[in-house]
Amino acid sequence: MTYESPTLIEDWLRWMQDFQREALELTETLEFDPHIVSDPELLSVKLALYARILTFLDTAIRHSQSDKLLDLRIVARNIIECGMHMDAASRWPDYLQKLKDDDKASRRSLAVEIPAEILDAEARRLRQDMLNDKTAKRLQPTELGKGSEFARLVLMYRKISSDTAHVTASSIARHMAEDGDGVGRLMIDPMIDEEELYEAFTAIALTLLLCTWLLMEAVPNSRRNDAMLELAERHRGLYQRDIRLSTEN
């Protein structure tokens, strides 16, 4: 497949690379005194979320460089999920408790699958303690978007999940095609169309900028970053230039 906009990938890739460089420099300057922060644990979680986002960003850059564009779209979903968590962490007073409950509920669901007869007495006791604790609830990704001003992130997360990230009829169909002779072919690395590519890049960029802003808001005495403001302006320009590729405009 040949893209009508040959600079689409190049320009967004350059933007992500420039953002990565500035974000890494930013993280080196961020520090806080736990004694003057209202909730040091929550701030630590936000910093960890940002580190996770930058890990996925590195993967997105590598996929873009090697034209693994379906993989890029899948990684965009991972970045969006981190962004929804960062957003919820900045809005929900009980975010940390919900996050911990989700972990407990996940461990409980795993414990159910472990046969008690293969465990020793102490392990059986621990397993039973997990099974007895039924108060914790799973935190669904789409729940994170409730009350958010960034509904587009939730929409993109669900869309990518259904047509790319999970095994669905739509996602499997990407890997099957007929050639000019009507012979079915399996596509190991199927291409995605320009609209989907635009969605992936813009969702990644929006999430990165949002999370950077939320992080700097959370860290006391963090300084205004002119390079990030310039990246935000460049994002605006690319977004408006390529919006013709989207059916949402």
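Met 156 counts as buried, because its relative accessibility is 0% and the cut-off for buried is under 20%. You'll find Met 156 in helix H6. Keep in mind that this is a predicted model. Below, we start with that one residue, hop to two others, and then zoom out to the chain.

**Met 156 and its company**
- Leave out the neighbours within four places in sequence, and Met 156 is in contact with Arg 73, Ile 80, Glu 199 and Ala 203.
- One of those partners, Glu 199, sits 43 residues away from Met 156 along the chain, yet the C-alpha atoms of the two are separated by 7.7 Å.

**Ser 246, after helix H9**
- Ser 246 lies in the segment that follows helix H9, which spans 226-242.
- Is Ser 246 buried or exposed? Ser 246 is buried, because its relative accessibility is 8% and buried means under 20%.
- So what does Ser 246 touch? Not counting residues up to four places away in sequence, Ser 246 touches Glu 195 and Tyr 198.

**Val 167 and a nonpolar patch**
- Now for the outside: Val 167 belongs to the loop between helix H6 (151-165) and helix H7 (169-173).
- Val 167 is exposed, because its relative accessible area is 75% and the cut-off for exposed is over 50%.
- Val 167 also helps make a nonpolar surface patch of about 610 Å², along with Ile 172, Met 176, Leu 186 and Ile 188.

**How the chain is put together**
- The chain has nine helices and two strands.
- Read from the N terminus, the elements go α-α-α-α-α-α-α-β-β-α-α, so the two strands come after seven helices and before the last two.
- Take the contacts between residues at least 6 apart in sequence: 76% of them join residues at least 24 apart.

**The chain in numbers**
- Along the principal axes, the C-alpha atoms fill a box of roughly 65 × 55 × 30 Å.
- The chain has 249 residues, and 43% of them are buried.
- Its accessible surface comes to about 14,200 Å², with 52% of that belonging to carbon and sulfur atoms.
- The chain carries 32 positive and 44 negative charges, and the mean positions of these two sets are 5 Å apart.

Key. Residues numbered from 1 in each chain as written. Predicted model: local features only at pLDDT ≥ 70, side-chain atom pairs only at ≥ 80, totals over all residues. Heavy atoms only, no water. Helix = DSSP H or I, 4+ residues; strand = E, 2+ residues; numbered from the N terminus. Buried < 20%, exposed > 50% of the residue type's maximum accessible area, 1.4 Å probe, protein only. Contact = heavy atoms within 4.5 Å. Areas by Shrake-Rupley, 256 points an atom, 1.4 Å probe, with all protein chains shown as cover. Lys, Arg positive; Asp, Glu negative; His and termini not counted. Charge placed at Lys NZ, Arg CZ, Asp CG, Glu CD. Patch = residues over 30% accessible without salt bridge, like charges linked within 9 Å, V, L, I, M, F, W, Y side chains within 5 Å. Salt bridge = Lys/Arg side-chain N within 4 Å of Asp/Glu carboxyl O.
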